[in-house]
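Please examine the sequence and the three-dimensional model shown here. The explanation proceeds from the overall fold to the interior and then to the surface.

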Amino acid sequence: MNIGLNEMWDGKIPADETELAELSDKIWELGELDTIKEKVPPELFRLHIAINMIGNWQCDG
């Protein structure tokens, strides 16, 4: 089963970084990274990784 970006965002575009963090939290609900990678398209997986990397960088890990 592949869950796309439209399903995760309910068709809306995130307005700010808080909404991106909420998207990432929704993605984490799918399971561990290996499970997430299987369930979402590659573009959404890369976005999830990027959101988490930026989040870790902004709060020093």
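The paragraphs below describe the secondary structure, the nonpolar core, several individual residues and a charged patch.

The model is a predicted one. Its secondary structure consists of four helices and zero strands, and the pattern read along the sequence is α-α-α-α. The chain has 61 residues, of which 23% are buried.

The interior may be considered next. The largest nonpolar core is made up of eight residues: Leu23, Ile27, Leu30, Ile36, Val40, Leu44, Phe45 and Ile51. Two elements, helix H2 (17-28) and helix H4 (42-58), give two or more residues each to this core. The largest share comes from H4, which supplies three residues.

Helix H4 also holds histidine 48. Is this histidine buried or exposed? Histidine 48 counts as buried because its relative accessibility is 0%, and the cut-off for that class is under 20% relative accessible area. Lysine 37 lies eleven residues from histidine 48 along the chain, and the C-alpha atoms of the two are separated by 9.9 Å.

Leucine 33 belongs to helix H3. With a relative accessible area of 36%, leucine 33 is partly exposed, since that class covers values between the limit of 20% for buried residues and the limit of 50% for exposed ones. The C-alpha atom of leucine 33 is separated by 9.2 Å from that of isoleucine 49, although the two residues are 16 positions apart along the chain.

The surface completes the description. Which residues gather in a patch of negative charge there? The patch comprises Asp16, Glu17, Glu22, Asp25 and Glu29. Of these, glutamate 29 is found in the loop between H2 and helix H3 (33-39). Glutamate 29 is classed as exposed because its relative accessible area is 67%, and the class requires a value over 50%.

Taken together, the three residues examined individually illustrate the three classes of accessibility. Histidine 48 is buried at 0%, leucine 33 is partly exposed at 36%, and glutamate 29 is exposed at 67%. Their locations are helix H4 for histidine 48, helix H3 for leucine 33, and the loop between H2 and H3 for glutamate 29.

Key:
Residues are numbered from 1 along each chain as its sequence is written. This is a predicted model: local features need pLDDT of at least 70, side-chain atom pairs count only at pLDDT 80 or more; totals for chains, interfaces and linings use all residues. Side-chain values use heavy atoms; hydrogens and water are left out. A nonpolar core is a set of buried Ala, Val, Leu, Ile, Met, Phe, Trp, Tyr and Cys residues joined through side-chain atoms within 4.5 Å. Buried means under 20% relative accessible area, exposed over 50%, partly exposed in between (1.4 Å probe, protein chains only). Patches are made of residues with over 30% relative accessible area and no salt bridge: like charges are joined within 9 Å, nonpolar side chains (Val, Leu, Ile, Met, Phe, Trp, Tyr) within 5 Å. Accessible areas come from the Shrake-Rupley method with a 1.4 Å probe; for residues, only the protein chains shown count as cover. A salt bridge is a side-chain nitrogen of Lys or Arg within 4 Å of a carboxyl oxygen of Asp or Glu. Lys and Arg count as positive and Asp and Glu as negative; His and the chain ends are not counted. The place of a charge is taken as NZ of Lys, CZ of Arg, CG of Asp or CD of Glu.
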